[in-house]
Amino acid sequence: MKLLNGLLELLFPRKCVFCCKLLAKGEIDCCAACRKIETYQGNCKKLPYVAGWTAVYTYEDNVREALLRYKFRGKEHYAPTFGKEMAAAIRETFPSEFDLITYVPISKKRLRKRGYDQDKLLAEVISKELNAPMIAALKKVKNNPAQSSIQKVEARHANVMGVYRATALREIAGKRILLIDDILTTGATVSECARVLLTAGAAEVRCTCFATRREK
């Protein structure tokens, strides 16, 4: 096994998930330089229907590129690294203020094309790290245009209206829910998901994302 691991390391050397540089001996997931990336320090503005939210990083530079690779270029193996950092942020911000974890789902069409649901993978890692139950409480019922293709805030909110439906009604009734999303920009998507969950009987919805844009 040791020989096999050595061979795999030679053929597929480990790279930093942020800058893609080869990792030095003893480095895991990311290099020493990228471990110094500043965490998000901005103001978590109030979002409709969301009791509170937190983000690990600002969506720019190497963080932005890493998320784009994870989301669109098949780097699903980034999920454990990202998920663990999100779990750490949750422990610090609201460690006991939720009963279960769910995530913002993608459509069946995008799942077939991408091969994995990036937010589901993150939620699974976070669930394991925090020893908290995770369920698929939402279903995407419309394959709407990607939010990233829309610039105006009002148009983004309109684009997600009626796109999601609550599924696990018994499980979410009266529960405080932690919603997982990879990127939070205007907050339109998580606000709509929170609205759907609250309408279906959830007591409260909080959100954690891996990155959010810098406040202007």
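In the predicted model, helix α3 buries Ala79, Thr81, Phe82, Gly83, Glu85, Met86, Ala87, Ala89 and Ile90. These buried residues pack against β1, α2, α5, β5 and β6. The helix comprises 15 residues, and the distance from its first C-alpha to its last is 21 Å, close to the 21 Å expected at 1.5 Å a residue.

Glutamate 85, located in α3, belongs to this buried set. When neighbours within four places in sequence are left aside, the contacts of glutamate 85 are Phe18, Val56, Tyr57 and Phe210. One of these partners, valine 56, is separated from glutamate 85 by 29 residues in sequence, while the two C-alpha atoms lie 7.0 Å apart in space.

Helix α2 also contributes to the interior, with Val63, Ala66, Leu67, Leu68, Arg69, Tyr70 and Lys71 buried. The elements that cover these residues include β1 (52–58), α3 (79–93), α4 (108–114), α5 (118–130), β5 (176–184) and β6 (204–212). The length of α2 was compared with the expected value: because each residue should add 1.5 Å, the 12 residues at positions 61–72 should span 16 Å, and the 17 Å between the end C-alpha atoms agrees with this. Just after α2, glycine 74 adopts a positive phi of about 75°.

The sheet is considered next. An open sheet is formed by 4 strands in the order β1-β6-β5-β2, with parallel pairing. Strands β1 and β2 (100–103) are the edge strands, each pairing on one side only. On average, neighbouring strands of this sheet are turned by 20° against each other, direction ignored. Helix α2 packs on the sheet through contacts with β1, β5 and β6, and its direction makes about 110° with that of β6. Helix α5, in turn, lies across β2 and β5 and runs at about 130° to β5.

At one edge of the sheet, β1 and β6 run parallel and are joined by 6 bridges. Threonine 58 has threonine 212 of β6 as its bridge partner. Threonine 54 is found in β1. With a relative accessible area of 8%, threonine 54 falls under the 20% limit and is therefore buried. Not counting residues up to four places away in sequence, threonine 54 touches Cys44, Thr93, Phe94, Cys207, Thr208 and Cys209.

At the other edge, β2 and β5 run parallel and are joined by 4 bridges, and the bridge partner of leucine 100 in β5 is isoleucine 177. In a regular strand, side chains alternate between the two faces of the sheet. Both faces of β2 are covered, with Leu100 and Thr102 buried on one side and Ile101 and Tyr103 buried on the other.

Nonpolar side chains in soluble globular proteins tend to be buried together. The largest nonpolar core of the model holds 37 residues, of which Phe18, Phe82, Ile180 and Phe210 touch the most other members. At least two residues of this core are supplied by each of β1, α2, α3, β2, α5, β5 and β6. Helix α3 gives the most, with 6 residues. The surroundings of phenylalanine 18 connect several of the segments described above: leaving aside neighbours within four places in sequence, phenylalanine 18 is in contact with Cys30, Cys34, Ile37, Tyr57, Asn62, Val63, Ala66, Arg69, Phe82, Glu85 and Phe210. Apart from this largest core lies another core, of 27 residues, with Tyr40, Val104, Val163 and Ala166 among them.

For the protein chain as a whole, the secondary structure comes to 8 helices and 6 strands. Along the sequence, these elements follow the pattern α-β-α-α-β-α-α-β-α-β-α-β-α-β. Of the 216 residues in the protein chain, 46% are buried. Among contacts between residues at least 6 apart in sequence, 74% join residues at least 24 apart. The exposed area of the protein chain is about 11,800 Å², of which carbon and sulfur atoms supply 53%.

Definitions and conventions. Residues are numbered from 1 along each chain as its sequence is written. This is a predicted model: local features need pLDDT of at least 70, side-chain atom pairs count only at pLDDT 80 or more; totals for chains, interfaces and linings use all residues. Side-chain values use heavy atoms; hydrogens and water are left out. The expected span of a helix is 1.5 Å times one less than its number of residues. Buried means under 20% relative accessible area, exposed over 50%, partly exposed in between (1.4 Å probe, protein chains only). Contact means heavy atoms within 4.5 Å. Two strands pair if DSSP finds at least two bridges between them. Axes are lines fitted to C-alpha atoms, for helices over the stretch in contact, and angles run from 0 to 180 degrees between N-to-C directions. Accessible areas come from the Shrake-Rupley method with a 1.4 Å probe; for residues, only the protein chains shown count as cover. A nonpolar core is a set of buried Ala, Val, Leu, Ile, Met, Phe, Trp, Tyr and Cys residues joined through side-chain atoms within 4.5 Å.
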